[in-house]
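Work through the exercises below with the structure open beside you, and try each task before reading its solution.

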Amino acid sequence: MTSETITADASGTWELGDLPVRRLGFGAMRLTGSAAFHHGVPSDRARSIAVLRTAVELGVNHIDTAAFYFSALRSANELINTALAPYPDDLVIVTKVGPFRDHSGNWAEPARPDQLRGHVEENLRQLGRDHLDVVNLRRTGQESISEHFGALAELREAGLVRHLGVSDVEPRHLDEALAIAPVVCVQNRWGLDSTNPATAEVVRICGERGIAFVPFFAVAGDAGPHGATEDHDDEVLAVARAHHATPAQIRLAWTLHQGPHVLAIPGTGNPDHLAENVAAGAVRLTDEELARLNALRTGP
């Protein structure tokens with residue numbers, strides 16, 4: 001397939017609360033370097049800014065970021081602010097709080113509930129916003145998220161946050177959150193290679209309740225923050241050839257085929273990969289192809 005002139009409109013739309021977004025979005029993690037966090041070398045600033053502007057030109061109006069997305073020289077939030085402010089009216093920026101990296105880039109103790117306001121305010125400062133569209137609470141091992149999510153619900157009531165989501169959760173954590181305030185999205189690690197039964201149940205519950213499910217590392221697979229996987233099953237390669245597509249595009253297409261509530265936020269610092277990712281929203285898999293790909297998740 002060709003990625004020319006294909007925009008994010010091809011992926012369809014979903015609403016995060018009252019905010020309509022195209023189902024093919026953009027993850028900002030890879031803007032800061034050759035790999036996420038401290039794993040690679042810092043990115044070329046001008047190139048990263050160009051990628052963001054091109055994403056918006058291609059119809060992407062859902063950007064996922066976090067204050068802890070930074071490398072030795074680059075900050076994802078600062079790049080977004082520089083590239084896109086003043087922001088388009090339809091652009092939805094989703095951030096997350098909970099994990100914390102110090103100024104040296106080392107992971108520190110996750111935020112306590114009383115520290116979450118500071119995390120939200122730091123995102124506001126970096127992005128140059130007076131409120132955040134959506135804030136996800138990233139669970140960092142807590143058995144219960146009630147206190148943390150309750151603290152974010154208070155910030156929502158105060159007008160600093162418009163909508164709330166949760167990340168890295170099991171069904172019981174989602175139930176806890178929903179008992180406190182509306183949840184518009186869930187972010188868990190999930191993709192064609194993922195077989196976590198708890199997350200599979202979360203995907204199902206989200207579909208029933210009209211909540212967006214927004215997986216991360218849908219393309220990266222086991223490579224995670226280090227970049228996209230190069231380990232593709234023969235079936236993925238065969239389907240890719242049939243569509244004249246890349247294996248990464250097939251992984252994204254499979255993700256979007258899991259339900260109208262399932263979104264994708266692939267990240268890249270490469271303009272060519274960006275166009276390919278956006279074009280994946282136009283890939284239409286047949287029932288037979290979906291069955292072949294789904295079979296990879298259950299084994300023989």
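Two strands pair if DSSP finds at least two bridges between them, where helices (H or I, at least four residues) and strands (E, at least two) are DSSP runs, numbered from the N terminus. This is a predicted model, in which local features need pLDDT of at least 70 and side-chain atom pairs count only at pLDDT 80 or more, while totals for chains, interfaces and linings use all residues. Residues are numbered from 1 along each chain as its sequence is written, and side-chain values use heavy atoms, with hydrogens and water left out.

**Exercise 1.** Determine the strand order of the open sheet of seven strands, and find its edge strands.

*Solution.* Begin with the order, which is β3-β4-β5-β6-β7-β8-β9, with parallel pairing. Next look for strands that pair on one side only, and these edge strands are β3 (26-27) and β9 (212-213). At the β9 end, strand β8 (residues 185-187) pairs with β9 in the parallel sense over two bridges, and Cys185 stands opposite Ala212.

**Exercise 2.** Describe the surroundings of strand β6 (residues 132-138).

*Solution.* First take the pairing with strand β5 (residues 92-97), which runs parallel to β6 and is joined to it by four bridges; here Val97 has Leu137 as its bridge partner. Then turn to strand β7 (residues 161-167), which pairs with β6 in the parallel sense over six bridges, with Asn136 opposite Gly165. Now follow the connections: β5, helix α3 (residues 116-127) and β6 make a right-handed β-α-β unit, and β6, helix α4 (residues 146-157) and β7 make a right-handed β-α-β unit as well. Right-handed means that, with the strands pointing away from the viewer, the path from the first strand over the helix to the second runs clockwise. Finally, seven of the seven residues of β6 are buried (under 20% relative accessible area, with a 1.4 Å probe and protein chains only), so the strand is largely enclosed by the rest of the structure.

**Exercise 3.** Why is Cys185 not bonded to Cys206?

*Solution.* Start from the rule that a disulfide is a pair of cysteine sulfur atoms within 2.5 Å. The sulfur of Cys185 lies 8.8 Å from the closest cysteine sulfur, in Cys206, which is too far for a bond. Cys206 is accordingly in no disulfide, and the count by this rule comes to zero disulfides. As a last step, consider accessibility: Cys185 is buried, with a relative accessible area of 2%, and Cys206 counts as buried at 0%.

Methods:
Buried < 20%, exposed > 50% of the residue type's maximum accessible area, 1.4 Å probe, protein only.
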